[in-house]
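Let's walk through this fold together, strand by strand. Have the model open beside you and follow along at your own pace.

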Amino acid sequence: MIVRTTAEITGTDRDVADPKGNWRSKRIVLGGDHVGFSFHETTINAGSVNEFHYANHVEAVWLVEGTGTLLDRETGETYPLAPGTMYLLDGHERHTVTADTEMRMLCVFNPPVVGTEVHDENGVYPLVTVPQPAGKHAETPVT
């Protein structure tokens, strides 16, 4: 069982801020936890415009606070974002999130991120291999 609070990961290497100052991601569950996904609390600052493209990951986002818009750059469609809105990037869509107010969202990534990823110039996270665990979570070889 894993139990974590955002308070205990604040200020650690699991607390990642955008170099431009537009967002902050608290990475609560990472690939090294070996559960098959990663789980993040992300805050996007009011007035910011953020271009993302998860070419190597599927991302589900649940907005819990704030308002803004989501632009699907593949189709040109725009969607309003408000508390209770979920969007799923199951086609690796290039997208832009514009925050009217500060937005807090809960995000799930598959495959999981390991925590060291940063967005490249296209907003993409690289696909980083999750190290295999040792100890009680190590895979047992099949004989």
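A good place to begin is V61, which stands opposite Y87 in β8. Please keep in mind that this is a predicted model. The pair belongs to a longer run of pairing: β5 and strand β8, residues 86–89, are antiparallel partners over 4 bridges.

From β5 we can step across to another partner. Strand β5 covers residues 58–65 and is joined to β10 by 7 bridges, again with the two strands running antiparallel. To find the register, look for E65, whose bridge partner in β10 is R104.

Now let your eye follow β10 itself. Which strand pairs with β10 in the antiparallel sense over 7 bridges, besides the one we have just left? That is strand β3, made of residues 38–44. Here a handy landmark is H40, which stands opposite C107 in β10.

What do the two faces of β10 look like? Strand β10 spans residues 103–110, and its covered face carries M103, M105, C107 and F109. The uncovered face holds R104, L106, V108 and N110. Our two landmarks can be placed on these faces: C107, opposite H40, is on the covered one, while R104, the partner of E65, is on the uncovered one.

Let's move on to another part of the model. There, 4 strands form an open sheet in the order β4-β9-β6-β7, with antiparallel pairing. Why is one side of β4 and of β7 left without a neighbour in the sheet? Both β4 (49–53) and β7 (78–81) stand at the edges and each has a single partner strand, so one side of each stays unpaired there. On average, neighbouring strands of this sheet are turned by 20° against each other, direction ignored.

Further into the sheet, strand β6 (residues 68–72) and strand β9 (residues 94–99) run antiparallel and are joined by 5 bridges. One point to check on screen is D72, which stands opposite H95 in β9.

H95 also leads us to our last stop, as it is one of the residues touched by N50. N50 lies in strand β4. Is this residue buried or exposed? With a relative accessible area of 4%, N50 falls under the 20% cut-off and is therefore buried. Leaving aside residues up to four places away in sequence, N50 touches N22, W23, I44, H95, T96 and V97. With N22 there is also a polar contact, made between the two side chains at 3.3 Å.

Note on methods:
Residues are numbered from 1 along each chain as its sequence is written. This is a predicted model: local features need pLDDT of at least 70, side-chain atom pairs count only at pLDDT 80 or more; totals for chains, interfaces and linings use all residues. Side-chain values use heavy atoms; hydrogens and water are left out. Two strands pair if DSSP finds at least two bridges between them. Axes are lines fitted to C-alpha atoms, for helices over the stretch in contact, and angles run from 0 to 180 degrees between N-to-C directions. Buried means under 20% relative accessible area, exposed over 50%, partly exposed in between (1.4 Å probe, protein chains only). A polar contact is a pair of N or O atoms within 3.5 Å; within protein, one must be able to donate a hydrogen and the other to accept it, and residues adjacent in sequence count only if both atoms are side-chain atoms. Contact means heavy atoms within 4.5 Å.
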